[in-house]
Amino acid sequence: MKYIITESQYKLLTEDLGVSRATLAYTNIIYETVKDKLLESIRNNRNVNETITIGLKDLFKVYKNDVEDFIELPIEKIVIKFSYNKLEDNVYPEGFVTVAFADMIGEGSQLKSPSRYIPKEITDEIDQTLIAGFEFNFNVNKDINEEQMDELFYDLRDAVTHECNHMYEYYNREISGAKGLDTTLSFMKRPYEMFGDKIREDVLQIWKLFLNLLYVSEPYEVRAMSQEAYSKRLRMPFEKFKETKYWDYSNRMIDFDAQAYYDYIIDLMGDLPKEEQTEILNTIHEYFIAYYEFSKKIVYQNPLNKKIINTKNIMDIMKYFQPQINKSGKKLQRNFMRLYALQPE
């Protein structure tokens, strides 16, 4: 079975969706490394939690094959936090769940002076290299079948492609002097995960659906999700692709209606006194604003958006973000359709 992205396939992505080919070699190296560790964990049938380091010796092939690629993204060490958790039951219909992260520079990834082992022709062009941090977590059903195993490794490749794209973006923002990527809106679920027990569960789930759409609507996530979907394009017809989470997300985003979400939340609380309904709605709003202020002011030192700060309730918040969510959903669908217009090998 073919999992690795070839240069000709990546060239199509580069030309049509703006992906840097400099990430290609790293994508394949990380994929092979994590794949081997995942296979070993499955064979041994035991939970694993460890750190994998890919050093300059293993990354030598990147600048040996194409100096320009290495200059564009000079990673000289990759540090991967790997975890595998074999469940005691069959929890997931798909057989597994994969969670992956690329560490932002200063938060797990870092810049450093080039190693003395890097050839002079490269160090004459760059004055910093990157130690890139990633995290890959796998939760796998007790009984996972062969078809689900295939999907697990496809999902791994998609995740590596997605996170390498983020790493490329982090690096370029850092060396250009631009402010680091502000991911405040991507992590608005955090206060509800910490203090969600104070909010009625069915209401919280609907609010988290909105926050998921908000997360995917961020421009860097639209780009990464479009690129991640490429492997689906390689192995399934368009009608089958429409059954995936990618198309489902884009549809939900296009169809998102703030008033409909708000009305549904109110309907869910129909059995509660008005005072309790008001308390729940106010708590959700207060958590959102408090975390937004904390992330913007303390984590990123970025200015606050007064239109968000001045919202009076969750309806105001959802109405404010509805145009962004609807627009990003349409953008995602256009990108997916462009992917299916490509001619892969």
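Here are two short exercises on a predicted model, each with a worked solution.

**Exercise 1. Strand 5 and its neighbours**

Work out which strands pair with strand 5, in which direction each one runs, and whether strand 5 is largely enclosed or not.

*Solution*

Step 1. Begin with strand 2, residues 75-86: eleven bridges join it to strand 5, and the two run parallel. For a pair to look up in the viewer, take K86, whose bridge partner in strand 5 is V140.

Step 2. Move on to strand 3, residues 96-102, which runs antiparallel to strand 5 and is joined to it by seven bridges. Here T98 has F138 of strand 5 as its bridge partner.

Step 3. Now add strand 4, residues 110-112, which is also antiparallel to strand 5, with three bridges between them. In this pairing, Q110 stands opposite I131 of strand 5.

Step 4. Finally, turn to burial, where the cut-off is under 20% relative accessible area. Of the twelve residues in strand 5 (residues 129-140), ten are buried, so the strand is largely enclosed by the rest of the structure.

**Exercise 2. A nonpolar patch**

Classify I298 as buried or exposed, and find the surface patch that I298 belongs to.

*Solution*

Step 1. Locate the residue: I298 is part of helix 14, which spans residues 274-299.

Step 2. Apply the cut-off, which calls a residue exposed at over 50% relative accessible area. I298 has 54% relative accessibility, so I298 counts as exposed.

Step 3. Look for its patch partners: I298 joins F294 and V299 in a nonpolar patch on the surface. Together, the three have about 270 Å² of accessible area.

Note on methods
Residues numbered from 1 in each chain as written. Predicted model: local features only at pLDDT ≥ 70, side-chain atom pairs only at ≥ 80, totals over all residues. Heavy atoms only, no water. Patch = residues over 30% accessible without salt bridge, like charges linked within 9 Å, V, L, I, M, F, W, Y side chains within 5 Å. Areas by Shrake-Rupley, 256 points an atom, 1.4 Å probe, with all protein chains shown as cover. Salt bridge = Lys/Arg side-chain N within 4 Å of Asp/Glu carboxyl O. Helix = DSSP H or I, 4+ residues; strand = E, 2+ residues; numbered from the N terminus. Buried < 20%, exposed > 50% of the residue type's maximum accessible area, 1.4 Å probe, protein only. Pairing = 2+ DSSP bridges.
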